[in-house]
Amino acid sequence: MEAQVSKKLTLTQQCQRMVEYEVARIYDFFLRAPRSAQEFMLELQRESHIEYLTNGLNHLGPSFRVLDANRPWICYWILHSIALLGDSVDAELETRAIDFLNRCQDPDGGYGGGPGQLPHLATTYAAVNSLVTLGSHIALSSINRHKLYTFLLKTKQPSGGFRMHDQGEIDVRACYTAISVASILNILDDELVQNVGNYILSCQTFEGGIAGEPGSEAHGGYTFCGLATMILINEVHRLDLRSLVEWVVFRQAGLECGFQGRTNKLVDGCYSFWQGGVCSLLQRLSLDIDEQSVQPDAQEVGSSFDGLSTGAGTSQKVNFNDIGYEFIKKRPSSQPLFNSLALQQYILLCAQVPEGGLRDKPGKPKDYYHTCYCLSGLSLCQYSMSMEDSPPVPRAVTGPYSNLLEPIHPLYNVVFERSIEALDFFRGK
Ligand SMILES: CC(C)=CCC/C(C)=C/CC/C(C)=C/COP(=O)(O)OP(=O)(O)O
Ligand SMILES: [Zn+2]
């Protein structure tokens with residue numbers, strides 16, 4: 001009887017078995033295939049992806065009712081994916097996108113999910129990142145920064161957290177989206193930063209990862225948001241970085257070596273960015289992690305990462321708006337914290353749909369969200385072994401070197417060059 005009960009599989013275990021079977025089938029086919037077929041399977045189908053994405057943007061008009069409260073997100077996922085693929089939209093589509101996002105901008109600041117909808121932090125982040133990705137003077141100057149700052153202050157809570165929207169939920173996503181847009185727009189100040197670090201700290205769990213809110217389970221999406229926020233407000237040393245490293249390195253899992261979002265859950269292509277992003281940020285923090293290892297109390301003292309302030313125990317006034325620039329100057333440790341080649345194989349063989357678009361895992365349909373975050377993760381992998389200013393060496397890129405994507409700024413997840421252009425543009429404001 002006991003033996004029978006123990007053989008019963010939970011739903012997650014049953015799904016895990018089905019995915020394992022499907023993944024084993026794909027890898028078996030790949031390993032037995034002739035070299036030319038293997039090369040094809042590992043090729044990024046750039047043209048098909050661009051076609052799938054451009055079609056999506058063309059259909060984002062008023063008749064596009066699916067995900068109606070999410071249209072700035074669809075814009076961001078598509079525009080960012082196209083930019084990662086080294087392409088851009090034509091002038092007419094660009095003008096339509098700017099006009100549409102402008103109609104989502106609330107007269108009192110921030111962006112809603114569609115024209116006339118309540119401003120929301122998540123769609124504000126998506127709209128700002130879309131406009132930064134478009135990058136033109138018209139796109140960047142369409143953002144009303146003064147009103148946006150007022151909106152951010154309205155969402156700010158005394159606990160340090162932010163509310164997603166008027167009467168909305170308070171969580172780590174809200175902190176990240178608020179701080180990220182304030183940072184790239186050069187409007188981040190002491191008032192917005194006040195107590196944010198305490199809130200994020202209260203969400204780091206016993207496992208080492210970060211949860212959406214205090215008392216919840218550590219999750220890759222929130223861990224990226226929490227870690228990026230702590231870096232942007234110059235308080236990353238307050239996290240327990242060693243336990244964060246230990247948590248994230250074990251999230252690359254399964255036969256397929258993709259990332260899972262949380263312990264004992266299934267691998268999913270989108271975590272290539274959320275968890276891959278955590279690894280990539282931590283790779284640039286290796287000195288701070290070493291410091292915590294030799295001096296466990298470094299967390300408590302006012303140290304912050306080098307290049308911005310002095311060492312432990314001293315507190316020097318930092319210009320928050322310089323952090324986006326300074327962080328990427330930090331030399332990453334030469335080795336990534338995860339198996340980059342195996343993750344690239346997962347993305348290309350299992351998450352890529354050769355006809356265009358990327359997905360969570362075999363058996364799931366493609367969508368713009370997974371296309372965006374699988375490609376963002378693939379880009380992180382490709383550049384994970386390269387030093388500043390040098391292109392990746394061929395052995396760092398799985399498949400042909402023509403698979404190479406544009407690099408991203410790991411704190412904002414916009415194409416690197418556009419992020420610097422936007423930082424320069426708003427610095428002068
Ligand atoms: C910038 C921004 C808005 C970031 C959002 C970050 C993000 C992806 C958060 C994850 C949310 C969450 C708890 C998903 C769990 O879904 P699930 O239970 O279906 O998936 P799982 O089994 O993989 O955990
Ligand atoms: Zn996913």
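**Helix crossings, cysteines and unusual residues**

Me: In this predicted model, α5 passes α7 with a left-handed crossing. What describes the packing of two helices, and what are the values for α5 and α7?

Reply: Two packed helices are described by the distance between their axes and the angle between them. For helix α5 (residues 71-84) and α7, the axes come within 8 Å and cross at roughly 35°.

Me: Which residues of α5 and α7 meet there?

Reply: On the α5 side they are P72, W73, C75, Y76, L79, H80 and A83, and they meet A122, T123, Y125, A126, A127, N129, S130, T133 and L134 in α7. Sorted by class, this contact has 11 nonpolar residues, 5 polar and no charged ones.

Me: Happy to move on to the next pair. Why is α6 called roughly antiparallel to α7?

Reply: The axes of helix α6 (residues 91-104) and helix α7 (residues 121-134) cross at roughly 155° and come within 11 Å. Angles over 145 degrees count as roughly antiparallel, so α6 is roughly antiparallel to α7. Their crossing is left-handed.

Me: Which residues make the contact of α6 and α7, and what are their classes?

Reply: From α6 come E94, A97, I98 and L101, and from α7 come A127, S130, L131 and L134. They divide into 6 nonpolar, 1 polar and 1 charged.

Me: Now the cysteines. How many disulfides does a search of the whole structure find?

Reply: The search finds 0 disulfides.

Me: How do you know that C175 has no bond to another cysteine sulfur?

Reply: A disulfide needs two cysteine sulfur atoms within 2.5 Å. The closest cysteine sulfur to that of C175 is in C203, at 7.3 Å, and therefore too far for a bond.

Me: And what rules out a bond for C350?

Reply: The reasoning runs along the distance again. The closest cysteine sulfur to that of C350 belongs to C257 and is 10 Å away, so it is too far for a bond.

Me: What makes C175 and C350 count as buried?

Reply: Buried means under 20% relative accessible area. C175 has 0% and is therefore buried, and C350, at 0%, counts as buried too.

Me: C257 has just come up as a neighbour. What is its phi, and where is it found?

Reply: C257 has a positive phi of about 60°, although it is not a glycine. C257 sits in the loop between β1 (252-253) and β2 (258-259).

Me: Why is C257 called partly exposed?

Reply: Partly exposed runs between the buried limit, under 20%, and the exposed limit, over 50%. C257 has a relative accessible area of 25%, so it is partly exposed.

Me: What about N234: buried or exposed?

Reply: N234 has 9% relative accessibility, which is why it counts as buried. N234 lies in the loop between α13 (220-232) and α14 (241-249). N234 is not a glycine, yet it has a positive phi of about 65°.

Me: Last, two helix residues. Why does M18 count as exposed?

Reply: Exposed means over 50%. M18, in helix α2 (residues 11-32), has 60% relative accessibility and therefore counts as exposed. M18 and G363 are 345 residues apart in sequence but 9.5 Å apart in space, C-alpha to C-alpha.

Me: And what makes G56 buried?

Reply: G56 belongs to helix α4 (residues 46-58). Its relative accessible area is 3%, so G56 is buried. In sequence G56 and Y368 are 312 residues apart, while C-alpha to C-alpha they are 8.4 Å apart in space.

Technical notes:
Residues are numbered from 1 along each chain as its sequence is written. Chains are lettered from A and ligands numbered from 1 in the order in which they are written. This is a predicted model: local features need pLDDT of at least 70, side-chain atom pairs count only at pLDDT 80 or more; totals for chains, interfaces and linings use all residues. Side-chain values use heavy atoms; hydrogens and water are left out. Axes are lines fitted to C-alpha atoms, for helices over the stretch in contact, and angles run from 0 to 180 degrees between N-to-C directions. Helices (H or I, at least four residues) and strands (E, at least two) are DSSP runs, numbered from the N terminus. Angles under 35 degrees count as roughly parallel, over 145 as roughly antiparallel, 65 to 115 as roughly perpendicular and the rest as oblique. A crossing is left-handed if the near helix is turned anticlockwise from the far one by less than a right angle, and right-handed if clockwise. Contact means heavy atoms within 4.5 Å. Ala, Val, Leu, Ile, Met, Phe, Trp, Tyr, Cys and Pro count as nonpolar, Asp, Glu, Lys and Arg as charged, and the others, Gly among them, as polar. Buried means under 20% relative accessible area, exposed over 50%, partly exposed in between (1.4 Å probe, protein chains only).
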